[in-house]
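Biologist: Please take one part of this model and look at it closely, and then carry on from there to the other places that deserve the same care. I would rather have one connected account than a list.

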Amino acid sequence: MSIQMLFFNLSFMTFMEIFYMRHPLLTFAFIAFTTLTPLGASAANEINEQGATQLKAVFQAMLDKQDAKMTGSNRTIERKGNIIVEPAGGYYAVTLPPSTVHYTSKDDAGAPQAGNVEIGMISINATPNAKPKLWNMTLAIPTPIQLTDAAGAKKISYHIGSQKAAGIWHEDLQEFVELDAEYKNITATLADSTNVASIDSAILDYDIKQGANDRWSGPAKTIINGLNIGSPKSEGAFKLNQMTMTFNADQLDAVARKTLGELASTPPESQEPGKLIKTLLTLANGLDMNVQVSGLDFTKGDVDLISNILSMTPIGSKNAESFHLDNAYASVGIKGLLEDKASSALAIGYRGLKNETSNAGDEKLTPAFADIKILPQNIPIHQVAEVLGNELSANNKISPISLMIKLPALLSQAETNIALDSKIGNDFYSITSKGQAKADLMATNGIRLNMTTIITNLDGLLSHAQEKAVEEDNPLVQEYKTLAGTLAALKEIAVPDENVGAGAHKFDLTMSDSGEIQMNGKPAMPLLINLKFPAELF
């Protein structure tokens, strides 16, 4: 399992499963609320029956949206009653009916199994904001929340020690644009009271502001402190000191956001591709998401509930893992969607990887750190969208041949390019790569490529691999022989780079106008297709 997949599958999804909800509909997706102190109503927005009717429609839209999301999924929801909204002095008292979420999944053997999430009556206090389509709300998640099997027997109970939350809800966005919430001492316990997961605190801080153009901009941040998964009955464990998830919007359009949600709920056979593309291109000028974690420790354990939570395999198996990360990050974003050219960025990396498994890779080869950035620039997004839209409208499908004819000219004229900037390694060696691939209609293949890679301590790497390759009792001797052959082939065409430091070697990868790929001035393809880096060693 890669570091990146571990992070997303364990850290992020485990937290979501503990609450049985999906961000950012935190407070309304499958969770029941109890009442906190209500906010005062504005003098310009009286509490009356007309307002109650309007607010009821807002909550009905929320429930309808959740129903639409479940269509075709492994979940259904059963509600017992109707929405009630009543004026109550200086606020509206909202009651949503009790409900049960029924879901299906598979057990360890792959056999289908069913379960339920029991949700009690939801109570919320709300007042109209001074601005239209905004509602001030105070709310709380009830505790405990029960997860049961198909027969109704309790499996897991989710408890929250203390909490506070207040925010502003937008009717069209159907999200909180402002939210200040904190939940402490969150635990998950089995039916026998065994504690299997806990979170010290979860903080939600949304601050999305409406601009002069009626578009919304700002961050929505979630911070999780002290996530622990494990129990006395399992050797498996997962610990995370902190995780921060930040979503940033630049000029988000509320109407387009609502339209996109409706389109997402439309059956595929009824989709209008042209409308979907147009909505996406007017949704926002930019969107990005950043995730950071620190203090990650992971150990695989026996086949039990903890293993299931962590998607683990038995300890001692070939894929058993136990490692530590000081910190890790991942981000993805796009900007310029409302402009002539857009740009994007993807970044991922980590620090302080320590693999402590008995069958861990070679510590001299395992990268202790990594930083990778991929940067597509100057994308003529609207022209490309027009080409795709015309193709879909005319043929109800996209022809690859047609795209090969039309897109190169658009990309070349816009000077579209993709840049790469990466560095991986440890105290023994490092590999740094910087380069760019640029669309150019004048080139034979429609692209120009240049990339420089520098490997420090290549001689040390080669010597290490050659020494290991003659240890006949080493179960990975063949892998070391393969690696030694690859490093020797690289050394033959490597160019020493004293500017970087003693022992550094440079590799310049280029594509000529004729389409020939060269490395340090020599044909590169015979070498590249034979390069092999056995994963078992890393």
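**A loop residue and what lies beyond it**

Modeller: Asn 457 sits in the loop that runs between β22 (447–456) and α8 (458–468), and the model in which we are looking at this residue is a predicted one. What draws attention to Asn 457 is its backbone, for its phi is near 60 degrees, a positive value in a residue other than glycine. Most residues other than glycine have a negative phi. As for its surroundings, Asn 457 is partly exposed, with a relative accessible area of 27%. Asn 520 can be set beside it, since this residue also is not a glycine and has a positive phi, of about 50 degrees; Asn 520 belongs to the loop between β25 (517–519) and β26 (522–523).

From Asn 457 the chain leads into helix α8 (458–468), and in α8 we find Asp 459, whose partner Lys 491 is in helix α9 (residues 477–493). Asp 459 and Lys 491 form a salt bridge, with the closest N and O atoms 2.7 Å apart. As one residue lies in α8 and the other in α9, the pair ties together parts that are 32 residues apart in sequence. Neither partner is buried: Asp 459 is partly exposed at a relative accessible area of 35%, and Lys 491 is partly exposed at 32%.

By the rule used here, the count comes to 10 salt bridges, and two others can be followed in the model in the same way. The side chains of Lys 133 and Asp 172 meet in a salt bridge, at 2.7 Å from N to O. This pair links distant parts of the chain, 39 residues apart, with Lys 133 in the loop between β6 (122–128) and β7 (134–138) and Asp 172 in the loop between β9 (154–170) and β10 (175–190). The two ends have unlike settings, since Lys 133 is partly exposed, with a relative accessible area of 39%, whereas Asp 172 is buried, with a relative accessible area of 12%. Lys 133 and Asp 172 are also linked with Lys 258 in a network of salt bridges.

The other salt bridge joins the side chains of Arg 257 and Glu 175, again at 2.7 Å from N to O. Here too distant parts of the chain are linked, with Arg 257 in helix α3 (residues 254–264) and Glu 175 in strand β10, 82 residues apart. Glu 175 is buried, with a relative accessible area of 10%. Strand β10 also holds Val 177, which is buried at a relative accessible area of 2%. Val 177 and Ile 208 are 31 residues apart in sequence, yet their C-alpha atoms are 4.9 Å apart in space.

Helix α2 can be read from end to end. Its 22 residues (49–70) should span 32 Å at 1.5 Å a residue, and its end C-alpha atoms are 32 Å apart, which agrees. The buried residues of α2 are Gly 51, Ala 52, Leu 55, Val 58, Phe 59, Met 62, Leu 63, Lys 65, Gln 66 and Met 70. Seen down the helix axis, these buried residues of α2 fall within an arc of 150 degrees, so they line one face of the helix. The face turned away from that buried side carries the exposed residues Glu 49, Gln 50 and Thr 53. At the N-terminal end of α2, Asn 48 acts as a cap, with a side-chain oxygen 3.3 Å from the backbone nitrogen of Gln 50. Just after α2 comes Gly 72, which takes a positive phi of about 80 degrees.

The surface itself offers a nonpolar patch of about 520 Å², made by Phe 247, Met 289, Val 332, Leu 346, Ile 372, Ile 374 and Ile 418. Of these residues, Ile 418 lies in strand β20 (residues 417–425), and Ile 418 is partly exposed, with a relative accessible area of 43%. The loop between β20 and β21 (430–439) contains Asn 426, which by contrast is buried, with a relative accessible area of 11%. Asn 426 is 74 residues from Gly 352 in sequence, while the two are 9.1 Å apart in space, C-alpha to C-alpha.

Technical notes:
Residues numbered from 1 in each chain as written. Predicted model: local features only at pLDDT ≥ 70, side-chain atom pairs only at ≥ 80, totals over all residues. Heavy atoms only, no water. Helix = DSSP H or I, 4+ residues; strand = E, 2+ residues; numbered from the N terminus. Expected span 1.5 Å × (residues − 1). Buried < 20%, exposed > 50% of the residue type's maximum accessible area, 1.4 Å probe, protein only. Arc of directions from axis to C-beta. Polar contact = N/O pair within 3.5 Å; in protein donor to acceptor, adjacent residues only side chain to side chain. Patch = residues over 30% accessible without salt bridge, like charges linked within 9 Å, V, L, I, M, F, W, Y side chains within 5 Å. Areas by Shrake-Rupley, 256 points an atom, 1.4 Å probe, with all protein chains shown as cover. Salt bridge = Lys/Arg side-chain N within 4 Å of Asp/Glu carboxyl O.
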